[in-house]
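Here is a short tour of one structure. Take a look at it first, then read on.

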Amino acid sequence: SRLEELSPLVSLHVITADTNASARSELAKISCTLKIIGKNRQDQAKLEYAENLGLKSVLAIGNGRNDGMLLQHAALGVCVVQKEGAAIAAMQAADIVCNDINDALDLLLQPHRLTATLRN
């Protein structure tokens, strides 16, 4: 998987409300830090977590309304539409919008795509 490819290259942190209660099993073989947040102030919890990492070094990926603050303040915010769609707040806060998580992760594996999208 793309996360397996990325895990030796970057520090992976998954911050999720885990709506489907599947994060632990889906990430079992991935070298990453998993943070499952509670139901209250999810947007703030995600932002605070990233602030502790140092926002200038965070590339954030998300699609929910609770991702908007994180996408806006991260060094690079990527909104992924996914099959469930994406909240307008997340799309407006992001620097880039991708079709799905694999396209977003490919931006790290193939950084020339970032250059092409973000150049002036």
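Val97 lies in strand β5, which covers residues 96-98. The model is a predicted one. Val97 is partly exposed, with a relative accessible area of 41%. Together with Ile88 and Met91, Val97 makes a nonpolar surface patch of about 250 Å².

Now to helix α3. The helix has twelve residues, 42-53. At 1.5 Å a residue, α3 should span 16 Å, and its end C-alpha atoms are 17 Å apart, which agrees.

Which residues of α3 are buried? They are Gln42, Lys46, Leu47, Tyr49 and Ala50. Seen down the axis of α3, these buried residues fall within an arc of 160°, so they line one face of the helix. Their cover includes strands β1 (13-16) and β2 (33-36), and also helix α4 (68-73).

Next comes the end of the helix. Gly54 sits just after α3 and takes a positive phi of about 105°. Its place is in the loop between α3 and β3 (59-62). Is Gly54 buried or partly exposed? At 26% relative accessibility, Gly54 counts as partly exposed. From Gly54 to Lys29 the separation is 25 residues in sequence. In space, their C-alpha atoms are 26 Å apart.

Two residues from this report can be set side by side.

| Residue | Place | Relative accessible area |
|---|---|---|
| Val97 | strand β5 (residues 96-98) | 41%, partly exposed |
| Gly54 | loop between α3 and β3 (59-62) | 26%, partly exposed |

Note on methods. Residues are numbered from 1 along each chain as its sequence is written. This is a predicted model: local features need pLDDT of at least 70, side-chain atom pairs count only at pLDDT 80 or more; totals for chains, interfaces and linings use all residues. Side-chain values use heavy atoms; hydrogens and water are left out. Helices (H or I, at least four residues) and strands (E, at least two) are DSSP runs, numbered from the N terminus. The expected span of a helix is 1.5 Å times one less than its number of residues. Buried means under 20% relative accessible area, exposed over 50%, partly exposed in between (1.4 Å probe, protein chains only). The arc is that of the directions from the helix axis to the C-beta atoms. Contact means heavy atoms within 4.5 Å. Patches are made of residues with over 30% relative accessible area and no salt bridge: like charges are joined within 9 Å, nonpolar side chains (Val, Leu, Ile, Met, Phe, Trp, Tyr) within 5 Å. Accessible areas come from the Shrake-Rupley method with a 1.4 Å probe; for residues, only the protein chains shown count as cover. A salt bridge is a side-chain nitrogen of Lys or Arg within 4 Å of a carboxyl oxygen of Asp or Glu.
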